[in-house]
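Trainee: I would like to learn how to read single features in a model. Could we take them in turn, beginning with one residue in a loop?

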Amino acid sequence: MRSEKKGVGVIGIGYVGLVTGTCLAELGHHVICMDIDAEKIAQLGEGEVPIYEPGLPELLEKNQERMIFTTSLEDVFEDCEIVYIAVDTPPTFTGDADLSRVFQVMSALPGLSTDDHIMVMKSTVPVGTGNKISAELARLETGNIDYISNPEFLREGSALGDFMEPDRIVIGSRNQEAGDKVAALYEKLEAPVVRTNIPTAEMIKYASNAFLATKISFINEIANVCEEVGADVTIVADGMGLDKRIGPHFLNAGIGFGGSCFPKDVTALKQIAGNTGYHFQLLNAVIEVNELQKRRVVNKLRKHLGPLTDKTIALLGLAFKPNTSDLREASSIVLASRLMGDGAYVKAYDPVAIPYAAKAVRGVLLCDDLLSAVEGCDAVVLVTEWDEFAELPLEKMKKIMNNPLIIDGRNFLDPQQVRAAGFTYEGIGR
Ligand code: UGA
């Protein structure tokens, strides 16, 4: 019977799975976290957190009595009525989401004692996947397993806050009672709960990410026009953001969005539409603007330095945004390879991501501190707006740089202050 199983299972202990499991434990639930990576599970069992997320090690330690880490799917289905799926759904070469890890879990179900379970999808899966999986569950004769779509809206770097104080909780279900049980897990949270069918829940996730990405590409294009007409995009964004219908968020112009979500989800939504025969024109532009935005920095450098052959450029920040070690689809990767393609030497410093960067930015000289990175450089590009870069040691930098040029790819610095220190400053659209 459902009531005999006390725990909540989480399958796939990557970024989303670990945050979800830990926060569910914080809400008072007993959580069994399962992953096929035995090394990771052993590490977590020892209290070591394999990713960088502010506050996560502390929250994990606080809740360790309510958390079990295992490599056994059997344990999860034995002890848990509600089982979250949080496995990776990376993009395939066509831009569709790769669901092989989801189906790997499905294929193991017939060998397990599955009956009266609720499977909750946290991974971002294409619209229609839930219905496909429900059909597959029926075909596999797994006993009664209800399927729920419960997309996540966590941002890396602020994931714990996003989980504990969400803007909304979305629950897509066919079976009202199963949906009620999942909603009950979150009853301590104060947030509107959107109850709907499965495809609508799946679409809310894609539409939200695609809209946010559109906002960024939009403001980036406005920034590019601002540069031509002498306007300042940061003030334009402030002025726009005061309009309640627009809102102030996600209007920071810069060198483009990256990360494991926006690039993947925007492309996947374009594919989902395309697979139905609908051509989602707007998203093509969002993607293209984002690609070009990363390359515009190279033109800015050429404008000041001429040909970049044998010039040395320092990148400040490699992670796709601050407070994460994640380099997936980071603008730094494209920028570094474009610069090296132009014959430049590239050095880089990041407060957190350096140990993870060697493979992602091959050929870049990775430095342990900011001053070693900028020494001897012809220009510095601020790529990630880490707090540490808010107060740059400008005087020291000027003394050891070959040429005092700063391209501020995130409009993070105070132009007047940087210019007063004797630098040439260029931001994005200001
Ligand atoms: C994003 C969404 O914000 C989350 O709601 C969602 O849950 C998550 O994707 C996901 O689908 O899992 P995340 O990728 O962690 O979260 O990061 P964001 O803070 O959204 O930033 C994404 C990128 O946009 C970064 O490269 C950031 O630098 C860039 N960005 C963001 C801008 O260039 N300008 C802005 O104004 C905001």
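Mentor: The model is predicted. Start with Asn63, which sits in the loop between helix H3 (56–62) and strand S3 (67–70).

Trainee: Is Asn63 buried or exposed?

Mentor: The general idea is a cut-off: buried means under 20% relative accessible area. Asn63 has 1% relative accessibility, so Asn63 counts as buried.

Trainee: Which residues is Asn63 in contact with, leaving aside neighbours within four places in sequence?

Mentor: With those neighbours set aside, Asn63 contacts Thr22, Ala25 and Glu26.

Trainee: Next, backbone angles. What sign does phi have in most residues other than glycine?

Mentor: In most of them phi is negative. Phe250 is not a glycine, yet its phi is positive, about 60°. Phe250 belongs to the loop between helix H10 (233–241) and helix H11 (262–275).

Trainee: How is the accessibility of Phe250 classed?

Mentor: The class between buried and exposed is partly exposed. Phe250 is placed there because its relative accessibility is 28%.

Trainee: What is phi of Asp310 near?

Mentor: Phi of Asp310 is near 65°, again a positive value in a residue other than glycine. Asp310 is in the loop between helix H12 (281–305) and strand S9 (312–316). Exposed means over 50% relative accessible area, and Asp310 has 53%, so it is exposed.

Trainee: Now a residue within a helix. Where is Leu335 found?

Mentor: Leu335 is part of helix H13 (residues 331–341). Its relative accessible area is 0%, so Leu335 is buried.

Trainee: How many residues apart in sequence are Leu335 and Lys294, and what is their C-alpha to C-alpha separation in space?

Mentor: Sequence separation and spatial separation have to be read as two values. Leu335 and Lys294 are 41 residues apart in sequence, and their C-alpha atoms are 6.3 Å apart in space. Lys294 is also one of the contacts of Leu335 once neighbours within four places in sequence are left aside; the others are Ile255, Val297, Val298, Leu315, Val381 and Val383.

Trainee: Let us turn to cavities. How many cavities of 30 Å³ or more are there?

Mentor: The count is one cavity of 30 Å³ or more. The largest cavity has a volume of about 50 Å³.

Trainee: Which residues line the largest cavity?

Mentor: The lining consists of Met121, Ser123, Thr124, Val125, Ser149, Pro151, Glu202, Lys205 and Tyr206. By class, four are nonpolar, three are polar and two are charged. Helix H9 (residues 198–229) contributes the most to the lining, with three residues.

Trainee: Take one lining residue, Thr124. Where does Thr124 lie, and what does Thr124 touch?

Mentor: Thr124 is in the loop between strand S5 (117–121) and helix H6 (129–139). Its relative accessibility is 8%, so Thr124 counts as buried. Not counting residues up to four places away in sequence, Thr124 touches Thr89, Lys205, Tyr206, Lys264 and Asp265.

Trainee: How many residues surround the ligand, and which are the closest?

Mentor: There are 19 residues around the ligand, the closest being Glu152, Leu154, Glu156, Lys205 and Asn209. Lys205 is also among the residues that line the largest cavity.

Trainee: Which polar atoms of Glu152, Phe153 and Glu156 should I look at, side-chain or backbone?

Mentor: Read each pair separately. For Glu152 take a polar side-chain atom, which lies 2.6 Å from an oxygen atom of the ligand. For Phe153 take a polar backbone atom, 3.1 Å from a ligand oxygen atom. A polar backbone atom of Glu156 is 2.7 Å from an oxygen atom of the ligand.

Note on methods. Residues numbered from 1 in each chain as written. Predicted model: local features only at pLDDT ≥ 70, side-chain atom pairs only at ≥ 80, totals over all residues. Heavy atoms only, no water. 1 Å grid on protein atoms, 1.4 Å probe; cavity = no way out; pocket = protein on both sides within 12 Å on 5 of 7 lines; lining within 4 Å. Points joined across faces, edges and corners; volume = space filled by probe spheres on them. Helix = DSSP H or I, 4+ residues; strand = E, 2+ residues; numbered from the N terminus. Nonpolar A, V, L, I, M, F, W, Y, C, P; charged D, E, K, R; others polar. Buried < 20%, exposed > 50% of the residue type's maximum accessible area, 1.4 Å probe, protein only. Contact = heavy atoms within 4.5 Å. Near = heavy atom within 4 Å. Polar contact = N/O pair within 3.5 Å; in protein donor to acceptor, adjacent residues only side chain to side chain.
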